[in-house]
Amino acid sequence: MPAKQDAVALLKADHRKVEDLFAKFEKAKGPERKQSLATQICTELTVHAIIEEEILYPASKGEVEDDLLDESYVEHDGAKVLIAEISAGSPDDEFYDAKVKVLSEMIKHHVKEEERPGEGLFAQLRKAGADLVELGERLKVRKQQLMAEFRNAELPPPETRSFTGHELVQSKPLEATT
């Protein structure tokens, strides 16, 4: 990472890295390769979500539209559910590839909202005059701490900020009845 990188540049670099990992997963053959890529994706996204929620989003409060910030938290929480499912699963599991694909689509949407020129979260922060270099330094330090903590370790259970933890009933897909 560069010595001084503003928050937007750091987060956009994260976005590009995860997009690349998802593209590699789409092309991957073999369960070991898929598992390795999924682990990288889940780790990168977990760290990214934590640094945004601990540092970027609190700094954005009052500087960006409340609805956009609320949607960001909900999008993160939805992604965290899939990350937990993928992390606990394996490529041999039913729906594994589908979960990674849906996570990819959710992240694409989330990135689009953050990066949207003129009105996205990043653009609103710039317009508000936020100190993006200082934010970038804080994000960088925390990211390095988390990457070191998660290296060769299981990801922590997700903390949701907008989901209330409803109990779900697990069942199988329905078969056609004729």
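This tour moves from the whole chain to one helix and its surroundings.

The model is predicted, so local features need pLDDT of at least 70 and side-chain atom pairs count only at pLDDT 80 or more, while totals for chains, interfaces and linings use all residues. Residues are numbered from 1 along each chain as its sequence is written, and side-chain values use heavy atoms, with hydrogens and water left out.

**Whole chain.** Select the chain in cartoon view: there are six helices and zero strands, where helices (H or I, at least four residues) and strands (E, at least two) are DSSP runs numbered from the N terminus. The C-alpha trace spans about 60 × 35 × 25 Å along its principal axes. The radius of gyration, taken over C-alpha atoms, is 17 Å, which agrees with the value near 16 Å for a compact globule of 178 residues; the globule rule is 2.2 Å times the number of residues to the power 0.38.

**Burial.** Next, colour by relative accessible area; 40% of the 178 residues count as buried, meaning under 20% relative accessible area with a 1.4 Å probe, protein chains only.

**Helix α5.** Now select residues 121–128, which form α5. Which residues of this helix are buried? They are L121, F122, A123, Q124 and L125.

**Its cover.** Add α1 (7–27), α2 (31–60), α3 (66–88), α4 (96–115) and α6 (132–150), which are included in what covers the buried residues of α5; contact here means heavy atoms within 4.5 Å.

**Last stop.** Finally, select G129, which follows α5 and has a positive phi, near 80 degrees.

Definitions and conventions
Buried < 20%, exposed > 50% of the residue type's maximum accessible area, 1.4 Å probe, protein only.
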